[in-house]
Amino acid sequence: QVQVVESGGGLVQPGGSLRLSCAASGEIFRRYDMAWYRQAPGKQRELVAELTNGGLATKYVDTVKGRFTISGDIAGGTVYLQMNSLKTEDAAIYYCLVRDPWYNRDYWGQGTQVTVST
């Protein structure tokens, strides 16, 4: 079993920065993928960024390209999301996902709130 815990959320003004952290414990393998999703009130949960291929490949939703950076050590069970130039529309609960692609198993964290407001 894999446990996932996010941290780093908070309140920031538009244009500010935050760094989210995700720590996964349990049996983690390099083949796993790790990703950040977010869900704003009244909206569907959406993929923000993902780290795949043993940490060698990244993918971002268009709305965050050039502002957010995902990084981490998959085998070590850690992934980060550096968020710069935050906008009010980035406000959401951010969730960390650890996925085992061999067995289609997903492990979610509880989420961390990001609020972007003056």
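Visitor: Is Thr 52 buried or exposed?
Guide: This is a predicted model, and in it Thr 52 is buried, with a relative accessible area of 18%. The cut-off for buried is under 20%, so Thr 52 falls on the buried side.

Visitor: Okay, and where does Thr 52 lie?
Guide: Thr 52 lies in strand 5, which covers residues 46–52.

Visitor: What does Thr 52 touch?
Guide: Leaving out residues up to four places away in sequence, Thr 52 touches Asp 33 and Ala 57.

Visitor: Switching topic: how many disulfides are there?
Guide: The count comes to one disulfide. Cys 22 and Cys 96 form that bond, with their sulfur atoms 2.0 Å apart.

Visitor: Which parts of the chain does the pair link?
Guide: Distant ones: Cys 22 is in strand 3 and Cys 96 is in strand 9 (residues 92–100), 74 residues apart.

Visitor: Why is the disulfide called left-handed?
Guide: The torsion about the S-S bond of Cys 22 and Cys 96 is about -80°, so the disulfide counts as left-handed.

Visitor: And are these two cysteines buried or exposed?
Guide: Both Cys 22 and Cys 96 are buried.

Visitor: Now the sheet. In what order do the four strands of the open sheet come?
Guide: The order is 1-3-8-7, and the pairing is antiparallel.

Visitor: Which strands stand at the edges?
Guide: Strand 1 (2–7) and strand 7 (68–73) do. Each has a single partner strand, so one side of each is left without a neighbour in the sheet.

Visitor: How are neighbouring strands turned against each other?
Guide: By 15° on average, with direction ignored.

Visitor: Back to strand 1: how many bridges does it share with strand 3?
Guide: Strand 1 and strand 3 (residues 18–26) pair over six bridges, in the antiparallel sense. To pick out a bridge partner, Ser 7 is matched with Ser 21 in strand 3.

Visitor: What about the largest nonpolar core? How many residues has it?
Guide: That core has 31 residues. Those with the most contacts inside it are Trp 36, Leu 81, Met 83, Tyr 94 and Val 98.

Visitor: Which strands supply at least two residues each?
Guide: Strands 1, 3, 5, 7 and 9 are on that list, along with strand 4 (33–39), strand 8 (78–83) and strand 11 (112–116).

Visitor: Last one: what does Met 83 touch?
Guide: Not counting residues up to four places away in sequence, Met 83 touches Gly 16, Ser 17, Leu 18, Leu 20, Arg 67, Phe 68, Tyr 94 and Val 114. Tyr 94 also appears among the core residues with the most contacts.

Key. Residues are numbered from 1 along each chain as its sequence is written. This is a predicted model: local features need pLDDT of at least 70, side-chain atom pairs count only at pLDDT 80 or more; totals for chains, interfaces and linings use all residues. Side-chain values use heavy atoms; hydrogens and water are left out. Two strands pair if DSSP finds at least two bridges between them. Axes are lines fitted to C-alpha atoms, for helices over the stretch in contact, and angles run from 0 to 180 degrees between N-to-C directions. Buried means under 20% relative accessible area, exposed over 50%, partly exposed in between (1.4 Å probe, protein chains only). Contact means heavy atoms within 4.5 Å. A disulfide is a pair of cysteine sulfur atoms within 2.5 Å. A nonpolar core is a set of buried Ala, Val, Leu, Ile, Met, Phe, Trp, Tyr and Cys residues joined through side-chain atoms within 4.5 Å.
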